[in-house]
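The following paragraphs offer a guided reading of a protein model, beginning with its sheets and ending with its interior. The reader is invited to keep the structure in view throughout.

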Amino acid sequence: MKQSAALLCVLMGVAQGFVLPQPMRLGEGCASTKQYAETTPGDSSRLGFLQRVVGQVAGVGLAVNMAPLLMDGKVGFVQPAQAAGLAKINNELAGYGLPPILDVPGGFSPLVEVYGKAAGARKERDTLLVQFLYPSLWVVSKPSIDKNGEEGTISAGDYQKGDSAAFFVGDGPESGKIDQQSNEYFGEVVTRAIGQKSANVYQNFKVLKKRPGAKGSNGAQYTIVEFKYELLTGAGFTVDRKGVASVTQVGKNIQALWIATTATRWKKIGDDCITMADSFRVYDGIAPA
């Protein structure tokens, strides 16, 4: 095991583009914490060396408890169980001609789900592939399908603690690109998402900040919106909540993933909520199953 740990640190050092200043002695820890390193065309020789060394590690059967992952020029190390689940999801994405998920932070799991599977339903939905990361202990819910079609949405949460996330689809802007819209427009999108079950569940909604997010491989621009509001409970009192949403437009409609928790818990899990929002992607042109 000590030999395996030492070799693992050497591999991580090569992947990150540095050379250990001196031979590592068995029992020493690895100082690097970076999990992924991008390569450039000039790094091909180092990448090839790493691939050969990884192959040799597998060949001698060393008991390394983390598996190397090499995809699209990136090297990462993930737990074997996580690697198996990620490989399955990436195979599914590859089947749709979509890019793989390369980085899953510790404590998170990837979700890939088709929304709008019920073709020919009474109220037919756009067929979209939805992708995002979520905390591994959260419970995932997916739309239900019966003879009348598809109902519900893709969601996840730790509901006992007040943490929730849900996918939303709505009408797009009347004019202009979505990333050119005002804070007020994005506030309207998020409040529509929050109120998709009932419009009378919140008050005092406010957009705190808005920033450009990533650009998807299909060209879709994502906008990240942080917000706060007061939840109206059935017991007649209010709960201060804070959240973040990622909003984009694929096709004629807009899509959003909004995540919220109590204002108190935001201090603890706010970064996780932002990670979820930043990981959100939507793709159209997906054939229903």
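Two strands are said to pair if DSSP finds at least two bridges between them. In this predicted model, strand β4 and strand β5 (residues 128-135) are joined by 8 bridges and run antiparallel. At one point along this pairing, F108 stands opposite P135 in β5.

These two strands belong to an open sheet of 3 strands, ordered β4-β5-β15, with antiparallel pairing. Its edges are formed by β4 (108-115) and β15 (281-283), each of which pairs on one side only. From one strand to the next, the twist averages 20°. Helix α5 (residues 263-279) lies across β4, β5 and β15 and runs at about 160° to β5.

A further open sheet has 7 strands in the order β6-β9-β10-β14-β13-β12-β11, again with antiparallel pairing. Here the edge strands are β6 (139-141) and β11 (202-215), each pairing on one side only. Neighbouring strands of this sheet are turned by 20° against each other on average, direction ignored. Within the sheet, 10 bridges join β12 to the antiparallel strand β13 (residues 238-250), and L232 stands opposite T238 in β13.

Two helices pack on this sheet. Helix α4 (residues 183-194) touches β10 (163-171), β11, β12, β13 and β14 (253-262), and its direction makes about 110° with that of β11. Helix α5 also packs on the sheet, touching β10, β11, β12, β13 and β14, with its direction at about 155° to that of β14. Helix α5 is thus in contact with strands of the 7-stranded sheet and also lies across the strands β4, β5 and β15.

Attention may now turn to the interior. In soluble globular proteins, nonpolar side chains tend to be buried together. The largest nonpolar core in this model holds 39 residues, of which F132 and I259 touch the most other members. Leaving aside its neighbours within four places in sequence, F132 is in contact with S109, P110, L111, I154, L257, M276, S279 and F280. A second, separate core of 19 residues includes V190, V225, Y229 and A260.

One charged residue deserves separate mention. E226 is found in strand β12 (residues 221-232). Which side chain of opposite charge is nearest to E226? It is that of K209, 4.3 Å away. A salt bridge requires a side-chain nitrogen of Lys or Arg within 4 Å of a carboxyl oxygen of Asp or Glu; E226 is buried yet has no salt bridge. Not counting residues up to four places away in sequence, E226 touches K206, V207, L208, K209, G243, V244, W266 and I274.

Key
Residues numbered from 1 in each chain as written. Predicted model: local features only at pLDDT ≥ 70, side-chain atom pairs only at ≥ 80, totals over all residues. Heavy atoms only, no water. Helix = DSSP H or I, 4+ residues; strand = E, 2+ residues; numbered from the N terminus. Axes fitted to C-alpha atoms, helices over the stretch in contact; angles between N-to-C directions. Contact = heavy atoms within 4.5 Å. Core = buried A, V, L, I, M, F, W, Y, C linked by side-chain atoms within 4.5 Å. Buried < 20%, exposed > 50% of the residue type's maximum accessible area, 1.4 Å probe, protein only. Lys, Arg positive; Asp, Glu negative; His and termini not counted.
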